[in-house]
Amino acid sequence: MFNSDANRLKQTFIWTFLILCIWEFASRTGLVNTDILPPCTKVLQAAVRELVSGKLFFQIVNSLYIVLLGFLISFVIAVFVTLGCVYSKLFESFFMTLCTLFNPLPGMAVLPLIMMWFGVGNGAMLALIVHGVLWPLVTNLLSGFRTVPKIYKEWASNINMTPFQVFKDIYVFSVMPYVISGLRIGWGRAWRALISAEMVFGMIGSLGGVGYYIYVNRAYANITNVMVGIFMIIVIGVFMEAFLFKKLEKHTVDKWGIDR
């Protein structure tokens, strides 16, 4: 398992390096217009300069703060909703109807309504993130609870385990792959919604985030800094996958030997 992950990481690094070399070669030799696609090295130099200046760094921190706070709120709500669905078929029927209605709605489609309800600020962004994360997370959690083998529940009943022990020792282990899958889906939706909202509506809050950085530089036709913003979004996405979701899998699903 770990060798497979190491090989995949090595392949990803090699392909990424080749893509960057092709990009640099195409820009430096005039195969593409540098006004449209500046050289890779120029973008990397601009990225370092912008981060050292401090403003872009704090905008990245602001975006991550809003997304992670929205994630935490969504997760807490999802846990309580899922428990309600597990113990009440009526509540499950009601909430799954809500999932069917609202899960297909893109965040950008409901953003104007959210902004009218919550104003232009972090509250609107948090509501948008909760909308993006809650539905897939609850759906995945419920799928995990439904796939718990019946024999585990019977075994717990035979040895007189308390409801808390059943939840802690059986359900948590069984649903963890589904939790991680739901978080991955929710992260992608929330991150894209946040960046898109800032690019379309401008600065949210007093500082703005990565999307606002791209929005401003697009207005000034600074293609290099636009590429810097895009590069930062990619780096953050790779970081979240490699150092959050992969680490979470390693210390839970892989460590416990759960089949996925």
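This is a short tour of the chain, one selection at a time.

**Whole chain**

Start with everything shown; the model is predicted. The chain has ten helices and zero strands. Read along the sequence, the pattern is α-α-α-α-α-α-α-α-α-α. Orient the view along the principal axes: the C-alpha atoms fill a box of roughly 75 × 50 × 30 Å. Of the 260 residues, 40% are buried. Now consider contacts between residues at least 6 apart in sequence: 69% of them join residues at least 24 apart.

**Helix H2**

Select residues 40-53, which form helix H2. Its 14 residues should span 20 Å at 1.5 Å a residue, and the end C-alpha atoms are indeed 20 Å apart. Colour Cys40, Val43, Ala46, Ala47 and Glu50, the buried residues of H2. Look down the helix axis: these buried residues fall within an arc of 125°, so they line one face of H2. Turn to the other side, where Gln45, Val48, Val52 and Ser53 are exposed. One general point helps here: an α-helix has 3.6 residues a turn, so residues three or four places apart point the same way.

Step past the end of H2 to Gly54. Its phi is positive, near 105°.

**H2 against H3**

Add helix H3, residues 55-87. How do H2 and H3 cross? Their axes come within 4 Å, at roughly 80°. That makes H2 roughly perpendicular to H3. Show side chains at the meeting point: Glu50, Leu51 and Ser53 of H2 meet Lys55, Leu56, Phe57 and Ile60 of H3. Glu50 is also one of the buried residues of H2, whereas Ser53 is exposed.

**Asn62**

Stay on H3 and pick Asn62. Is Asn62 buried or exposed? Asn62 has a relative accessible area of 15%, below the 20% cut-off, so this residue counts as buried. Leaving aside neighbours within four places in sequence, Asn62 is in contact with Leu207, Gly208 and Gly209.

**Val210**

Move along to Val210, in helix H9 (residues 210-219). Val210 has 0% relative accessibility and counts as buried. Which residues does Val210 touch, not counting those up to four places away in sequence? Select Gln59, Ile60, Ser63, Ile195, Glu198, Gly229 and Ile233. Ile60 is a residue to keep highlighted: in H3, Ile60 is also among those that meet H2. Then draw a distance from Val210 to Met199: their C-alpha atoms are separated by 8.8 Å, and the two are eleven residues apart along the chain.

**Helix H4**

Next select residues 89-102, helix H4. H4 has 14 residues and reaches 20 Å from its first C-alpha to its last, close to the 20 Å expected at 1.5 Å a residue. Its buried residues are Glu92, Phe95 and Cys99. Seen down the axis, they fall within an arc of 75°, so they line one face of H4. Rotate to the other side for Leu90, Thr100 and Leu101, which are exposed.

What covers the buried residues of H4? The cover includes H3 and helix H6 (122-146).

**H3 against H6**

Finish with H3 and H6 alone. Two packed helices are described by the angle between their axes and the distance between the axes. For H3 and H6 the angle is about 40°, with the axes 7 Å apart. That makes H3 oblique to H6. The crossing of H3 and H6 is right-handed.

How values were computed. Residues are numbered from 1 along each chain as its sequence is written. This is a predicted model: local features need pLDDT of at least 70, side-chain atom pairs count only at pLDDT 80 or more; totals for chains, interfaces and linings use all residues. Side-chain values use heavy atoms; hydrogens and water are left out. Helices (H or I, at least four residues) and strands (E, at least two) are DSSP runs, numbered from the N terminus. The expected span of a helix is 1.5 Å times one less than its number of residues. Buried means under 20% relative accessible area, exposed over 50%, partly exposed in between (1.4 Å probe, protein chains only). The arc is that of the directions from the helix axis to the C-beta atoms. Contact means heavy atoms within 4.5 Å. Axes are lines fitted to C-alpha atoms, for helices over the stretch in contact, and angles run from 0 to 180 degrees between N-to-C directions. Angles under 35 degrees count as roughly parallel, over 145 as roughly antiparallel, 65 to 115 as roughly perpendicular and the rest as oblique. A crossing is left-handed if the near helix is turned anticlockwise from the far one by less than a right angle, and right-handed if clockwise.
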